[in-house]
Amino acid sequence: MSSSSLIHGISISVSDDEEASGKVRVRVRRKRHRHPASSARRRRLRRAARLCAPLLLATLAVSLLLYESYRLSSSSHSPPSSGNLTRVDHTGAGTARAADGARKSCLKILGPEKLQNVELPEVPEQNLSVKKVVYKSSLLHPGDNDSSRTEISRFNSFTGYQTLNEREESFKMKEITTVHCGFYNENGGFKVSDVDKDYMRSCSVVVATCAFGGGDDLHQPIGMTEVSIKKVCYVAFWDEVTRAAQEEEGNKIGENLMIGLWRIILVRDLPFSDQRLNGKIPKLISHRLFPMARYSIWVDSKSQFRRDPLGVLEALLWHSNSSLALSEHGARSSLYDEGKAIVKKHKATPEEVKVQLDQYRQDGIPDEKRFNGKKALAEASVIVRDHAPLTNLFMCLWFNEVVRFTSRDQLSFPYVLRRVGMPGVHLFPVCARKDLVNSFGHRRKVKPLARERR
């Protein structure tokens, strides 16, 4: 035990043992003298800390919220506004993940500075194995009339009535080749005004789309430079049904015949009751509509074009010395597998698909999933092409196959590609297609025409 006492600031501790032995140990503790000024300062600091701490925490929380909001908005996958005509949507669409986990674009397009000075190159000489294509018409071939038409054929006065012998002859490459390619008879349909014809003749580079039967909305293009806006024609083909449907949505054609960047071409007297077939006219034989154009880009109406057209031509045609570019198919590689999928999804009847595939087997088309190192099947929602004679011939042959058989153009493309053996066909990866367009899907069901043209 111990005891202690404090005498005038001196602490004396005495343990029991020390008391017993008579020894007393004295420890001196000096009393601290507090200065009034320093004590007041410490009290003020403590009070300030208590008051400022919540404010600092609130400021930190707000900063974190603002940062997180910015990060989420920059990585959002929402589609871009159609009102902004020049903004590129950097959402990560059309990108591939590199080995280090970073995302990189599948489509290498020149920067805005280089695009300012891009000029249209001349058509390469190697693409001129076919020097000239002559299009059959009732004026040039009066003997080709209704007598060659069969009951099951969808050929009509617009397409002409191609026989199987003429079909076979058209695949033989010659310097001067004669082929059916639409616009066979002046009364065959797909009529446009003289003003529209003059406008289409003025175009050297075209981005085209169409919506017949009121099916889809018009999506304004984005991502182009000012140079491309001046050099490129953006053309949308509509019929009266689509115009009425769009006017109900508030999209009226201006006095300059434009809606945004799109020049609207109204088509009268469509030649097919199947609106998908009518859509194949600007899609596959745009060279018949734009006779002076050197290049064209087709974009399905369900998609929004989101890149600079001149940059796309440079990346997909000029850079690789190609004449025709479209996407590999995302799901399948064989046209015979695609035929089964089309029937399963009720995109065509089993009977018409069987007729087409039986003909292709008879013509010696193998069931192979690769062609020249690429997928043997393509997806044609975006078509980038030049308007050289051989490419024009290829597109005419493709169009005739679509008319003769099913309107599912992915079935006939591999066939024409193998038969023609055209060099310079660029099948780019699916991620590049996603980098070219924002896809919105079809909004409403199209209205078919009441009768088929004969």
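This is a guided tour of the disulfides in a predicted model, with a suggestion at each stop for what to select next.

**Getting oriented**

Before selecting anything, you might ask how many disulfides the structure holds. There are three disulfides to find, and when the bonded cysteines are counted along the chain, they pair in the pattern 1-6, 2-5, 3-4. The stops below take these pairs one by one.

**First stop: Cys-106 and Cys-431**

Select Cys-106 together with Cys-431, and you will find a disulfide between them, with a distance of 1.9 Å from S to S. This link joins distant parts of the chain, since Cys-106 sits in the loop between β5 (103–105) and α3 (112–115), while Cys-431 belongs to helix α15 (residues 430–436), and the two are 325 residues apart. If you look along the S-S bond, the angle about the bond is -105°, and the link of Cys-106 and Cys-431 is left-handed. Now show the surface around Cys-106, which has a relative accessibility of 23% and therefore counts as partly exposed, because the buried class takes in values under 20%.

**Second stop: Cys-181 and Cys-396**

Next, select Cys-181 and Cys-396, which are joined by a disulfide with an S to S distance of 2.1 Å. Here too the pair links distant parts of the chain: Cys-181 is found in the loop between β7 (176–179) and α5 (194–201), Cys-396 is part of helix α13 (residues 389–404), and 215 residues separate them. The link of Cys-181 and Cys-396 is left-handed, with -80° about the S-S bond. Are these two cysteines buried or exposed? Cys-181 has a relative accessible area of 0% and so is buried, and Cys-396, at 0% relative accessibility, counts as buried as well.

**Third stop: Cys-203 and Cys-233**

Then move to Cys-203 and Cys-233, whose sulfur atoms are 2.2 Å apart and form a disulfide. Cys-203 lies in the loop between α5 and β8 (205–211), whereas Cys-233 lies in strand β9 (residues 233–238), so this pair ties together parts that are 30 residues apart in sequence. The angle about the S-S bond is -100°, and the link of Cys-203 and Cys-233 is left-handed. Both Cys-203 and Cys-233 are buried, so a view with the surface hidden may be easier to follow.

**Last stop: Cys-210**

Finally, select Cys-210, and ask whether this residue is buried or exposed. With a relative accessible area of 8%, Cys-210 is buried, because that value falls under the 20% limit for this class.

Conventions. Residues are numbered from 1 along each chain as its sequence is written. This is a predicted model: local features need pLDDT of at least 70, side-chain atom pairs count only at pLDDT 80 or more; totals for chains, interfaces and linings use all residues. Side-chain values use heavy atoms; hydrogens and water are left out. A disulfide is a pair of cysteine sulfur atoms within 2.5 Å. Helices (H or I, at least four residues) and strands (E, at least two) are DSSP runs, numbered from the N terminus. Buried means under 20% relative accessible area, exposed over 50%, partly exposed in between (1.4 Å probe, protein chains only).
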